[in-house]
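Work through the exercises below with the model open. Each task is followed by its solution.

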Amino acid sequence: MICTLKHYEWEALAQLLKQGYPFREAYELMQGDVCLLYAMEQGKSIEECLVQGHSEMFYDHLRFFMKIAALPEAIQSALSIADITHDLKTKLRKEISYPLLLFVLSFLTLILFTSLILPQLMQGFDVSSNRFLIFSITTLQALAVLLIWGIILCLLITILMIRSVSVKLWILRKLRFTKLPQQYCSYLAASYFTQFMRHGISTKNAVSFLTHLKQTSLLAICACQIEAELKSGTTLTDCFHKQEWLDTNFIKHWEIGSHTKQLETVLLQYQNFQSEQWKQLLKRIGQGIQIFSYGFVGCMVLLVYQIMLVPLQLLETM
């Protein structure tokens, strides 16, 4: 890697270049690695030096945009797409962080309670005659085991999806009833096409670019299928309708935007709508997690209280 600029440094570099600064002076202001300047002196192009050794998505975008636009515009376009995906992940992470923290704390408390505290309480008090307590204890222990196996299964599925494209597609097809894979793929497609339109890139070239994304990407798989259909003479709208990975709402927005000649504006509206829809979904999931967490804590307190009452019940029968 010759160039190792951070996100904010890329933004500053693009601004300096747009203001007319020579590349060398702008790069030196960023306090970039001198290896890049040395490589340029050896005859390497700026474009080659900026992306050499990098495999991240941002640099894939930068490679493409440098072929069709000036360097500052190419940097800003690559940053725009990176910001879209980063902002989406940040928003989703923000919505789910508190409920997820509650779930983790509840899960750890459940494991601690069923493996350490509960056995000691049962040794100190004879609860064998209380069917309700026995049933409650068994249920909590079963819930702990179920959650552990569920987490292990999720981790295994995630690893398989990362390592195998065929497994990833098989799992995503099983999840199509949720519409989440289609919505995510459509959201990314709308983001990319919006940037392409700003640079006047034809739809054919845009689809061709998307096929060169990381091959494990769902959008790249979708683009490959669309490109094959386009080569057979199918119109783009018909290709969209045949696609299993595109959301029907995205296709409707595309048709409306094409008809009104305001496709870029309509795609931006689709992105905002989809982002808000995911926020609402995460809020409902978060509320469900909170209900589970608070309910478990309540059950645990009630169970401990019932176990502590066992000696008093024994005294009453004496």
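**Exercise 1.** Compare the radius of gyration of the protein with that of a compact globule of 318 residues.

*Solution.* Start with the reference: a compact globule of 318 residues would come out near 20 Å. This model, which is predicted, has 28 Å. Next, take the extents along the principal axes. The C-alpha atoms fill a box of roughly 95 × 50 × 30 Å.

**Exercise 2.** State how many helices and strands the protein has, and what share of its contacts links distant positions.

*Solution.* Count the elements: 15 helices, zero strands. Then take the contacts with a separation of 6 or more. Residues 24 or more positions apart account for 62% of them.

**Exercise 3.** Describe the surface and the charges of the protein.

*Solution.* Begin with burial: 38% of the 318 residues count as buried, the cut-off being under 20% relative accessible area. The exposed area is about 18600 Å². Carbon and sulfur atoms supply 63% of that area. Now the charges: 27 side chains are positive and 24 negative. The centres of the two sets lie 7 Å apart.

**Exercise 4.** Find the largest nonpolar core, then examine Phe250.

*Solution.* The largest core holds 64 residues. Trp10, Leu62, Phe196 and Phe250 have the most contacts inside it. Apart from this core lies another, of eleven residues, including Leu110, Leu133, Ala144 and Leu147. Now set aside the neighbours of Phe250 within four places in sequence. Phe250 is then in contact with Ser186, Ala189, Ala190, Phe240, Leu267 and Tyr270. As background, nonpolar side chains tend to be buried together in soluble globular proteins.

Technical notes: Residues numbered from 1 in each chain as written. Predicted model: local features only at pLDDT ≥ 70, side-chain atom pairs only at ≥ 80, totals over all residues. Heavy atoms only, no water. Helix = DSSP H or I, 4+ residues; strand = E, 2+ residues; numbered from the N terminus. Rg over C-alpha atoms; globule rule 2.2 N^0.38 Å. Buried < 20%, exposed > 50% of the residue type's maximum accessible area, 1.4 Å probe, protein only. Contact = heavy atoms within 4.5 Å. Areas by Shrake-Rupley, 256 points an atom, 1.4 Å probe, with all protein chains shown as cover. Lys, Arg positive; Asp, Glu negative; His and termini not counted. Charge placed at Lys NZ, Arg CZ, Asp CG, Glu CD. Core = buried A, V, L, I, M, F, W, Y, C linked by side-chain atoms within 4.5 Å.
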